[in-house]
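Work through the exercises below with the sequence and the structure open. Each task is followed by a solution in steps.

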Amino acid sequence: MPVERFKASRMTKGNRLFPTVIEVNDTSVIRRKRSWFTLNEMSIHLQRVASVRIDTGVMWSDILIESTGGADSLASHGHKKQDAVRIKTLIETAQSKQLHVGDDGPMRVCPFCAESIKAAATVCRYCGRDLPSQA
Ligand SMILES: [Zn+2]
């Protein structure tokens with residue numbers, strides 16, 4: 001999957017000089033935000049994304065990507081609606097590709113320990129952690 005980048009509109013608050021950039025690649029979603037002296041960058045591994053929420057206003061869409069950890073959700077505002085939808089689609093497509101069929105039926109990869117577990121599992125049998133529900 002090629003890397004795709006989505007830049008927030010310079011017309012929106014906080015994005016005039018240094019628009020926030022959301023980047024989605026094979027493994028993670030990354031938010032980059034420049035200021036005069038710093039580059040603030042945070043990323044969430046795609047398998048740790050618990051939900052992607054889009055809040056569309058009159059002109060622009062806000063995006064909120066929540067991680068399974070809960071602590072470090074990734075928010076960005078001032079995106080075009082089609083970009084927001086594209087980001088959500090990319091993340092969900094990448095997540096569903098992690099599903100594969102094993103001897104015991106459909107499997108997926110635990111976002112915490114990366115072991116293969118049954119797709120329907122709600123608790124990982126290797127690390128014992130609660131798993132995000134797979135839509
Ligand atoms: Zn696990």
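## Exercise 1: Asn15 and its surroundings

Beyond the neighbours within four places in sequence, Asn15 is in contact with Ala8, Ser9, Arg10, Thr20, Lys33, His77 and Gly78. The model is a predicted one.

**Task.** State where Asn15 is placed, decide whether Asn15 is buried or exposed, and find the polar contact of its side chain with another side chain.

**Solution.**
- Step 1. Asn15 belongs to the loop between S1 and strand S2 (21-24).
- Step 2. The relative accessible area of Asn15 is 1%. The cut-off for buried is under 20%, so Asn15 is buried.
- Step 3. The side chain of Asn15 makes a polar contact with the side chain of Lys33, at 3.1 Å.
- Step 4. The Asn15 side chain also reaches a backbone atom, the oxygen of His77, at 3.2 Å. Lys33 and His77 are both among the contacts listed at the start of this exercise.

## Exercise 2: Strands S1, S2 and S3

**Task.** Describe how S2 pairs with S1 and with strand S3, and sort the residues of S2 by the way they point.

**Solution.**
- Step 1. Four bridges join S1 and S2 in the antiparallel sense. Within this pairing, Glu4 stands opposite Val24 in S2.
- Step 2. S2 also pairs with strand S3 (residues 28-34), again antiparallel and over four bridges. Here Glu23 has Ile30 in S3 as its bridge partner.
- Step 3. The connection from S2 to S3 is a hairpin through three residues.
- Step 4. In a regular strand, side chains alternate between the two faces of the sheet.
- Step 5. In S2, Val21 and Glu23 point one way, while Ile22 and Val24 point the other way. All of these residues are buried.

## Exercise 3: Salt bridges

**Task.** How many salt bridges does the structure hold? Examine the pair Glu4 and Arg86, then the salt bridges of Arg32 with Glu23 and with Glu41.

**Solution.**
- Step 1. There are six salt bridges in the structure.
- Step 2. One of them joins the side chains of Glu4 and Arg86, at 2.5 Å from N to O. This pair links distant parts of the chain: Glu4 is in strand S1 (residues 4-7) and Arg86 is in helix H1 (residues 81-97), 82 residues apart.
- Step 3. Arg86 has a relative accessibility of 35% and therefore counts as partly exposed.
- Step 4. Arg32 meets Glu23 in a salt bridge of 2.6 Å, N to O. Arg32 is partly exposed at 24% relative accessible area, whereas Glu23 is buried at 6%.
- Step 5. Arg32 also forms a salt bridge with Glu41, at 2.7 Å from N to O. Glu41, at 46% relative accessibility, is partly exposed.
- Step 6. Through shared partners, salt bridges join Arg5, Glu23, Arg32 and Glu41 into one network.

## Exercise 4: The sheet S5-S6-S7 and helix H1

**Task.** Give the strand order of the open sheet of three strands, explain why S5 and strand S7 each have one side without a neighbour in the sheet, and place H1 against the sheet.

**Solution.**
- Step 1. Strand S5 (residues 49-56) pairs with strand S6 (residues 61-67) in the antiparallel sense, over seven bridges. In this pairing Val49 stands opposite Ser67 in S6.
- Step 2. S5 and S6 form a hairpin, with four residues between them.
- Step 3. S6 and S7 run antiparallel and are joined by four bridges. Leu64 stands opposite Ala75 in S7.
- Step 4. The order in the open sheet is thus S5-S6-S7, with antiparallel pairing.
- Step 5. S5 and strand S7 (74-79) are at the edges and have a single partner strand each, so one side of each lacks a neighbour in the sheet.
- Step 6. From one strand to the next, the twist averages 15 degrees.
- Step 7. H1 packs on the sheet and touches S5, S6 and S7. The direction of H1 makes about 165 degrees with that of S5.

## Exercise 5: Ala114

**Task.** Where does Ala114 lie, and is Ala114 buried or exposed?

**Solution.**
- Step 1. Ala114 is in the loop between strand S9 (105-109) and strand S10 (116-118).
- Step 2. With a relative accessible area of 56%, Ala114 is exposed.
- Step 3. The phi angle of Ala114 is near 70 degrees, a positive value in a residue other than glycine.

Technical notes
Residues numbered from 1 in each chain as written. Predicted model: local features only at pLDDT ≥ 70, side-chain atom pairs only at ≥ 80, totals over all residues. Heavy atoms only, no water. Pairing = 2+ DSSP bridges. Helix = DSSP H or I, 4+ residues; strand = E, 2+ residues; numbered from the N terminus. Salt bridge = Lys/Arg side-chain N within 4 Å of Asp/Glu carboxyl O. Buried < 20%, exposed > 50% of the residue type's maximum accessible area, 1.4 Å probe, protein only. Axes fitted to C-alpha atoms, helices over the stretch in contact; angles between N-to-C directions. Contact = heavy atoms within 4.5 Å. Polar contact = N/O pair within 3.5 Å; in protein donor to acceptor, adjacent residues only side chain to side chain.
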